[in-house]
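I wanted to look up how the strands of this model pair and what surrounds them. These are my notes, kept in the order in which I looked.

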Amino acid sequence: MSEKVLLVDDEKEFLEIMSERMQARGMIVTTASSADQALAIIKKQTFDAIVMDFQMPEMDGMEALKAIKTQRPELQIILLTGYATVEKTVEAMKIGASDFLEKPADIEALAEKIKKAKTEKMLIVEEKTEQKIKDILQRFGN
């Protein structure tokens, strides 16, 4: 089954090229040119992974990461940056980024990280579903 990915970056040319390369590998890709647009999209759709630029003009990757995790904690977010620092990487991982990758992103490395993110998301969803079933059974005395 194909990975469903939301690709977020303010550089339109980067979005087009990466989207084409990811689709050529069988992924289903939706693009957003801002964090606000990404937040609107995830209200309506679900994804296996979000691949997001760390530095965007209106809302940077860190703010967007916090907003997305508040809205949809199960989503796996891979941050892309050309200016990674250890401090920013650690901070992003504490907030909930599933991974970090430096630009220009190697497509093979990105594809592997997306597959890993999909597996992690599926495990989170399965755990939540099992807990919901247990809660329902407890309410009915089983």
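## Notes on strand pairing

I began with the pairing of strands E4 and E5, which run parallel and are joined by 4 bridges. I kept in mind throughout that this is a predicted model. Within this pair I found that Ile 78 stands opposite Asp 99 in E5.

I then turned to the pairing of E4 with strand E3, residues 49-53, and here too I noted 4 bridges and a parallel run. For Met 52 I looked up the bridge partner in E4, which is Leu 79. Following the chain from E3 to E4, I passed through helix H3, residues 61-71, and recorded this β-α-β crossover as right-handed.

Next I asked myself: how many residues of strand E4 are buried? The strand covers residues 77-81, and 5 of its 5 residues are buried, so that I entered it as mostly covered. Looking at the directions of the residues, I saw that Ile 77, Leu 79 and Thr 81 point one way from E4, while Ile 78 and Leu 80 point the other way, and that all are buried.

Last, I looked at Ser 98, which lies in the loop between helix H4 (86-95) and strand E5 (99-102). Is Ser 98 buried or exposed? I entered Ser 98 as buried, because its relative accessible area is 17%, which is under the cut-off of 20%. Leaving aside its neighbours within four places in sequence, I listed the contacts of Ser 98 as Gln 76, Ile 77, Ile 78, Met 93, Ala 117 and Glu 120.

Terms used:
Residues are numbered from 1 along each chain as its sequence is written. This is a predicted model: local features need pLDDT of at least 70, side-chain atom pairs count only at pLDDT 80 or more; totals for chains, interfaces and linings use all residues. Side-chain values use heavy atoms; hydrogens and water are left out. Helices (H or I, at least four residues) and strands (E, at least two) are DSSP runs, numbered from the N terminus. Buried means under 20% relative accessible area, exposed over 50%, partly exposed in between (1.4 Å probe, protein chains only). Contact means heavy atoms within 4.5 Å. Two strands pair if DSSP finds at least two bridges between them. A crossover is right-handed if, with the strands pointing away from the viewer, the path from the first strand over the helix to the second runs clockwise.
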